[in-house]
Amino acid sequence: LVVVLSFALYTFSFDRVHASSLSLSIYPPIIQIQVDPPATINTPITIQNRGQETVTLEILFKPFSSGKGESGEVVYISGKNPLVFEKIGVYDNDEVIEKVVIGPKQNKTLNLHIDVPQDESLSDYYFSVLFISKNKLKDKLNQSRILGGIATNVLLSIKGKPPLIGAKPTSIAKIVEFSSPSFLEIEPVPFKVRLKNQSNHFITPQGTISIKNMFGNTIGQVKLSPVNILADTIRSQETLWQETLLFGPYTATLNINPSDKGPTLIKTINFFVFPLRTFIILAGILITILLV
């Protein structure tokens, strides 16, 4: 029976099934736009088909908002789109399009066109420009995951006139938390920063953490990665100070600039580094040597 089955497996013909994979890339992945109405915006979007087959991509617009967490995830919003979507279109040369065909190993540069009228409300609009494979349109768009397609996220901020010259700048952000363990035995030193955007527009703050020793000398600095914080949301960020041979008390100072117009946010914390286990081992070795 074994011989017969083995012979049958070798004589049967099995056809291989080749699954066509969808491989796309897009640039830029995030588009930041800040304008005063009225305005006309034209931004290029380049899509690359890395696959071996021609793809047909449907173009959709989907608004999103910040998720429940503080990691920067977004959630797509269902329902009626804002009126500003009527002024948004993707153009190929001078023609507005709803789908695009890209050959294998080919690039396609399109133009995102936005008209902002004079009476547009001063607010932020967050949306994704989706390029979805035609046979994947039936897939449900859930949160920030897209099946069978690619997207670029657009942060559109419609602002009014700047404040008068000489006016005192108001804080558009607040440091909710700046912390690290108060006692550490080993390096590196972890820091956690939680920043709240108190304004009606998205911000991209710049921040650094300066570390001083017990003598007041600056011995290290950590630069925070720039992240986008949507309006009225909190963004959490963690980083490490990669330093060795630490001992004693240290002071860490966080400096954050929510915008180039100020003011700078500052917060200071203290922590102590003492290699307790290493000290116990060395003390044990010393006591053993003295006893001997």
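This is a guided tour of selected features of the structure, given as a series of selections.

The model is predicted, with local features requiring pLDDT of at least 70 and side-chain atom pairs counting only at pLDDT 80 or more, while totals for chains, interfaces and linings use all residues. Residues are numbered from 1 along each chain as its sequence is written, and side-chain values use heavy atoms, with hydrogens and water left out.

**Stop 1: salt bridges**

The structure holds 3 salt bridges, a salt bridge being a side-chain nitrogen of Lys or Arg within 4 Å of a carboxyl oxygen of Asp or Glu. Select Arg-194 and Glu-70, whose side chains meet in a salt bridge with an N to O distance of 2.8 Å. This pair links distant parts of the chain, 124 residues apart: Arg-194 is in strand S14 (residues 189-197), and Glu-70 is in the loop between strand S4 (55-66) and strand S5 (74-76). Helices (H or I, at least four residues) and strands (E, at least two) are DSSP runs, numbered from the N terminus.

Arg-194 counts as buried, at 17% relative accessibility, whereas Glu-70 counts as partly exposed at 27%. Here buried means under 20% relative accessible area, exposed means over 50%, and partly exposed lies in between (1.4 Å probe, protein chains only).

Next, add Glu-177 to the selection; its side chain meets that of Arg-194 in a salt bridge of 3.5 Å, N to O. Because Glu-177 lies in strand S12 (residues 173-179) and Arg-194 in strand S14, the pair ties together parts that are 17 residues apart in sequence. Through shared partners, salt bridges join Glu-70, Glu-177 and Arg-194 into one network. Glu-177 is partly exposed, with a relative accessible area of 23%.

Then select Asp-92 and Lys-108, which form a salt bridge with the closest N and O atoms 3.2 Å apart. Asp-92 belongs to strand S6 (residues 88-92) and Lys-108 to strand S9 (residues 106-116), so this pair ties together parts 16 residues apart in sequence. Asp-92 counts as partly exposed at 23% relative accessibility, and Lys-108 counts as partly exposed at 24%.

**Stop 2: the open sheet**

Strands S6 and S9 also appear in an open sheet of 5 strands, with the order S1-S3-S9-S6-S7 and antiparallel pairing. Two strands pair if DSSP finds at least two bridges between them. Select strand S1 (24-27) and strand S7 (95-97) to find the edge strands, each of which pairs on one side only. From one strand to the next, the twist averages 40°; axes are lines fitted to C-alpha atoms, and angles run from 0 to 180 degrees between N-to-C directions.

At one edge, S1 and strand S3 (residues 39-49) pair in the antiparallel sense over 4 bridges. To inspect this pairing, select Ser-25, which stands opposite Gln-48 in S3.

**Stop 3: a loop contact**

Select Thr-233, located in the loop between strand S16 (218-223) and strand S17 (234-241). Thr-233 counts as buried at 17% relative accessibility. Add Leu-230 to the view: the side chain of Thr-233 reaches the backbone oxygen of Leu-230 at 2.7 Å.

**Stop 4: helix H2 and the surface**

Finally, select Ile-289 in helix H2 (residues 276-291). Ile-289 counts as exposed, at 57% relative accessibility. Extend the selection to Ile-281, Leu-282 and Ile-285, which together with Ile-289 form a nonpolar patch on the surface with about 410 Å² of accessible area. Patches are made of residues with over 30% relative accessible area and no salt bridge, with like charges joined within 9 Å and nonpolar side chains (Val, Leu, Ile, Met, Phe, Trp, Tyr) within 5 Å. Accessible areas come from the Shrake-Rupley method with a 1.4 Å probe, and for residues only the protein chains shown count as cover.

How values were computed
A polar contact is a pair of N or O atoms within 3.5 Å; within protein, one must be able to donate a hydrogen and the other to accept it, and residues adjacent in sequence count only if both atoms are side-chain atoms.
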